[in-house]
Amino acid sequence: MQEKDLIKKLQDLKQIKPDTDWAFWLKSNILQTEPNNLYNKPRVKLAVFSYISKYQKVAIPSLLAFFLVSSFAFAQTTLPGNVLYPIKTLTQNAKIYLASENTKPVVRLEVAKARMEDLSKIENHEKEISAITQNVRKDLEIVTQEIKKINKKQVALNVSKDIQERSKNLKELADKISLDDKEREEFNKDEENYQSQVLALIIETTEEINQCPSYLKDKLVDFGKYFIETEEGSYQWSQDDIIKSRNLFIEANDAFKAGDCLTAIDKIESVNQLLSIYSLDVQVETETPEK
Amino acid sequence: MDKQEFSEFYDKNIDKVFRFVYLRVDTTETAQDLTSLAFLKLWRRQDSEISNPTAFLYRIARNQIIDFYRQKSKKPISLDKVGEIADFQVAQPTFSQKIELTLEMERIKKVLYNIKPVYADVIIWHYVDEMPIKDIAQVLEKREGNVRVIIHRALQALKEQLEV
């Protein structure tokens, strides 16, 4: 093919033209927009990160995560005075914070004991030893307060007994710590006080639980008999009240078994009120025909 | 460039730019999109001094084509995406006019695909649109002498391909 022919053929391509409607549409659309409003500043990436490749973008967070997890795990083996020890205490505090109301005293006591064990392994860190011992003493004080916060008496009793059992080696642990005489004396005093408080809680709670049965037990037995002996058809009560009273009775029974005397009394009282209302109704009904 | 000037410039160049893009891409719709983007970018750049708007427009269109193929090689590019990138109204009405090409024109279009992109560019600009070498040099940011060499080689490459 001659160059001339080729150029001729190329010039034939001039016949290619855009759709006139489209061309008109495009022009009017562009002109409708204000150029200044459309001008977009280029997105600027921070030059510091510009060298980070796609793979590095994945690798760097992964490495950071790995580093964090490793530091976190390693921190659990550290002792006071180590740079990572605050991470360990932070984890322990989180454990306490996340524990339920019923387990919080036990968790706090175990953390305190773990800190005492850590202290027993170090020497020449008077400042850290003194600070952590202070915290342990505060924790022991809080343990007893937390037991008091447990609502159910039976649970509180069980926790108190568990705490008492777990606290047996507290003095032994304290003896291993390099405390000065004054601090040791103070710690021993607090520890004794704490042991007495726990024992007092056990005694108090046991007494509270034991006081319940004489009053409540009789009531529960009476109601139990009433519900069993009274035949279904002989009730003058509405169906809703029958269900309500039976549920209250069951709840009272459960509360009693759990050692929650106050709730049990409250429920029994509600059943009592229902019974008195219906006894009155019966009387009114019997009296009315005579009139 | 005010609206009036742009309007005149647009009317003068729309056919050429569309044709250039159309000969370098596969579909009419893609050619329409890339041409839209080229004119839109020119309109947006009114605030800056442009000594040769035609050369500038071709450079934008050429870059659009390069970007289009770069995106296409990574993943199929959605034309909606092109619109999104441009932050431009993409709900285009359908302009279904089919461009009628003779068999010979079809053949040349296909061959233009098979030669080096820069050869295809200069052939379209120089022989189809009759753009002066000076302007082509501006678009390619090369010396005029270099452009002449490229045009010569481009024509040879096209001839070879057509003779295959």
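## A tour of chains A and B, from a loop inward

Select B:Glu141, in the loop between H7 and H8 of chain B. This is a predicted model. B:Glu141 is not a glycine, yet its phi is positive, about 55°. Most residues other than glycine have a negative phi. The residue is exposed, because just 8 other C-beta atoms lie within 10 Å, and 12 or fewer counts as exposed.

Next, step back to B:Glu130. It sits in the loop between H6 and H7 of chain B. Here too phi is positive in a residue other than glycine, near 55°. B:Glu130 has 10 other C-beta atoms within 10 Å, so it is exposed.

**Whole chains**

Now colour chain B by secondary structure. It has eight helices and zero strands. From the N terminus on, the order is α-α-α-α-α-α-α-α. Of the 164 residues in chain B, 37% are buried. Take the contacts in chain B with a separation of 6 or more: residues 24 or more positions apart account for 64% of them.

Switch to chain A. It holds twelve helices and zero strands. Its 291 residues include 20% that are buried. For contacts in chain A between residues at least 6 apart in sequence, 68% join residues at least 24 apart.

**Helix H2 of chain B**

Select residues 28–44 of chain B, which form helix H2. Put a distance between the end C-alpha atoms: they are 24 Å apart. At 1.5 Å a residue, the 17 residues should span 24 Å, so the two values agree. Is this helix enclosed or open? Of its 17 residues, 15 are buried, so H2(B) is largely enclosed by the rest of the structure.

Stay on this helix and pick B:Ala38. Leaving out residues up to four places away in sequence, B:Ala38 touches B:Val17, B:Leu57, B:Ile60, B:Ala61 and B:Gln64.

**The cores**

Which residues of the largest nonpolar core touch the most other members? Show B:Val21, B:Leu34, B:Ala38, B:Ala61 and B:Ile123, out of 48 core residues. Then add the elements that give two or more residues to this core. Chain A supplies helix H2 (20–32). Chain B supplies H1 (3–24), H2, H3 (53–74), H5 (103–114), H6 (117–128), H7 (133–140) and H8 (144–163). Domain 1 (1–96) and domain 2 (100–164) of chain B both contribute, so the core lies between them.

Apart from it lies another core, of 23 residues. Select A:Ala112, A:Ile132, A:Ile163 and A:Ile177, which are among them.

**H6 against H8**

Return to chain B and show H6(B) and H8(B). Their axes are 9 Å apart, at an angle of about 100°. The two helices are therefore roughly perpendicular to each other. From H6(B), display B:Val118, B:Tyr119, B:Val122, B:Ile123 and B:His126, which make the contact on that side. On the H8(B) side, the contact residues include B:Val147, B:Ile150, B:Ile151, B:Ala154 and B:Leu158.

**Last stop: B:Gln161**

Follow helix H8 of chain B to B:Gln161. B:Gln161 has 17 C-beta neighbours inside 10 Å, so it counts as partly exposed. Which residues does B:Gln161 touch, not counting residues up to four places away in sequence? They are B:Val111, B:Asn114 and B:Ile115. Finish with a distance from B:Gln161 to B:Leu112. These two are 49 residues apart in sequence and 8.9 Å apart in space, C-alpha to C-alpha.

Conventions. Residues are numbered from 1 along each chain as its sequence is written. Chains are lettered from A and ligands numbered from 1 in the order in which they are written. This is a predicted model: local features need pLDDT of at least 70, side-chain atom pairs count only at pLDDT 80 or more; totals for chains, interfaces and linings use all residues. Helices (H or I, at least four residues) and strands (E, at least two) are DSSP runs, numbered from the N terminus. The expected span of a helix is 1.5 Å times one less than its number of residues. A nonpolar core is a set of buried Ala, Val, Leu, Ile, Met, Phe, Trp, Tyr and Cys residues joined through C-beta atoms within 7 Å. Domain bounds come from an automatic or database domain assignment. Two residues are in contact if their C-beta atoms, placed from the backbone, lie within 7 Å. Axes are lines fitted to C-alpha atoms, for helices over the stretch in contact, and angles run from 0 to 180 degrees between N-to-C directions. Angles under 35 degrees count as roughly parallel, over 145 as roughly antiparallel, 65 to 115 as roughly perpendicular and the rest as oblique.
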